[in-house]
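Work through the exercises below with the model open. Each task is followed by its solution.

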Amino acid sequence: MIRSNQFQRTTLRGAATTPVALLLMLVLCGCAYTVVHDGAVNQTKAQEVETGIQSFRDLNFISQVPLVLKTRDEALEMMRKEIARDHTEEEIRIGGLTGAMTGVYPRGMDLKSETLKLLRSQIAGFYDPHEKEMVLVEGAVDASVWSSAAGMITHRDLVGEMLLAHELTHALQDQHFHIEQMIDQVKDNDDRDLALKAVAEGDATISGYGYMLGNLDSTSLSSIVGRMDDLPRAFAAQSAGVPSGLSAPMIFQYADGVRFVSEAYRRGGWAAVDAIYADPPRATLQILQPELYYEHRTQLVDIDLNGYQNVLKDWSKADDDTYGAMLIKLIIQRNLGASVPESALAERWTGDRMIVLQKDQALTILWIVAFRNEDTAAQFGTTYTSILNKISTPDMAHKVQVKDSNVFIAIGDGARQFDKLAPAVWSASVIRPVAPSGRSQAITAQSAPVSKGCCAASSVARAN
């Protein structure tokens with residue numbers, strides 16, 4: 001998987017979920033007055049925030065978190081080195097091309113260049129779990145995104161302290177819950193990766209706001225949740241032209257993460273929030289619809305996509321991933337419009353798996369997406385076919401086939417062998433319903449839930 005190992009998380013993966021995070025890299029912009037002054041860290045103010053957030057968040061630091069000051073160029077260079085350590089130029093190329101072929105990115109987008117451009121415009125500070133230190137960016141004084149979203153906290157000094165409290169909460173998460181290790185364990189699954197980041201960001205955001213407000217009663221918590229609606233507008237005003245494939249997953253982490261974690265806090269305070277880390281959501285679907293986590297766990301599936309090897313013998317696997325409900329919703333809205341009713345199809349997602357194959361410079365993408373019922377699968381098959389017809393170049397083959405509640409998609413040169421490929425994949429692939437406990441019972445793609453009417457598959461796309 002193409003990703004960054006640091007908790008700052010400059011993600012460049014195939015699905016390209018979040019190039020942004022630095023877990024909250026755009027949020028320390030207001031620190032310049034009281035936390036950073038005259039080119040130095042105000043250690044007295046920083047210590048005051050550190051002491052206060054421990055008391056407010058009801059967690060104590062196990063070890064000290066040093067604060068270091070970097071220029072914007074120095075911080076960006078750290079990002080460049082992190083990208084170079086974890087991703088080859090070829091991996092970045094594959095990540096960008098995969099995103100364009102599936103509809104996450106616009107065609108021809110330079111993933112590395114766009115990511116670095118976004119980093120430079122937004123980077124202001126981050127917690128580094130490897131060095132166990134807090135990095136602040138000198139001269140990052142524009143807090144427009146978060147001051148406008150804060151609403152009830154408008155004084156710039158207070159905004160800066162709020163954002164430092166946010167980042168220190170990430171340090172507490174690292175020390176108590178090992179969130180970085182949790183994210184590393186799902187490095188082949190963009191969906192679970194993004195769901196975990198939403199938990200971390202939601203926790204840190206309500207902690208930072210609550211620390212400055214002095215409480216998290218029902219009124220203040222509702223105000224914080226409501227203010228998250230301002231983030232898309234504020235981000236668009238400050239970072240015009242950023243592709244939605246880069247910005248939307250970042251905004252999701254904070255806006256939807258706040259809503260998700262706030263629900264836990266309402267139910268049981270910080271103890272309930274802490275409990276999420278012991279039993280984290282398995283999908284962005286549960287972040288988008290918290291009742292599917294808190295009230296009744298939705299039935300999710302794991303998919304082992306197989307059977308393509310003997311058909312596409314000359315191709316080698318370059319990547320594998322799970323996109324999830326959030327990215328599928330993004331693909332639909334980005335290509336068909338933000339308010340189209342088809343975006344609701346993502347809410348009935350239950351699982352997916354994508355394999356990216358490579359031969360020379362060419363890619364083939366194989367993707368199985370599972371839904372709750374046959375009608376949704378059929379609607380998604382039709383919808384995604386229209387998207388592929390819209391975004392594909394004349395020489396890019398693509399094919400979509402629906403079988404019961406599942407959809408098989410092939411994009412690229414390998415799709416030209418779809419007549420042989422589809423039966424082989426349906427026969428060999430395995431779909432496992434995942435129990436809430438994490439235990440699962442294997443179900444082959446030829447038995448329930450796929451087997452009902454398995455011989456009546458309907459092809460809903462074409463190969464160019």
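**Exercise 1. State the accessible surface of the protein chain and its carbon and sulfur share.**
Step 1: the surface comes to about 17,100 Å² (Shrake-Rupley method, 1.4 Å probe). Step 2: carbon and sulfur atoms hold 48% of that surface.

The model is predicted: local features need pLDDT of at least 70, side-chain atom pairs count only at pLDDT 80 or more, and totals for chains, interfaces and linings use all residues. Residues are numbered from 1 along each chain as its sequence is written, and side-chain values use heavy atoms, with hydrogens and water left out.

**Exercise 2. Find the buried share of the protein chain.**
Of the 464 residues, 59% are buried (under 20% relative accessible area, 1.4 Å probe, protein chains only).

**Exercise 3. Describe helix 1.**
Step 1: helix 1 (a DSSP run of H or I, at least four residues, numbered from the N terminus) covers residues 43–57. Step 2: its 15 residues reach 21 Å from first C-alpha to last, close to the 21 Å expected at 1.5 Å a residue (1.5 Å times one less than the number of residues). Step 3: its buried residues include V49, I53 and F56. Step 4: just after helix 1, D58 has a positive phi of about 60 degrees.

**Exercise 4. Identify what lines the largest pocket.**
Step 1: 18 residues line the largest pocket; A248, I251, D256, M326 and Q333 are the closest to its centre. Step 2: helix 11 (244–278) and helix 14 (324–336) each supply at least two lining residues. Step 3: helix 11 gives the largest share, eight residues.

Notes. Buried means under 20% relative accessible area, exposed over 50%, partly exposed in between (1.4 Å probe, protein chains only). On a 1 Å grid over the protein atoms alone, a cavity is a set of points where a 1.4 Å probe fits but cannot get out, and a pocket is an open set with protein on both sides within 12 Å along at least five of seven lines; lining residues have an atom within 4 Å of a point.
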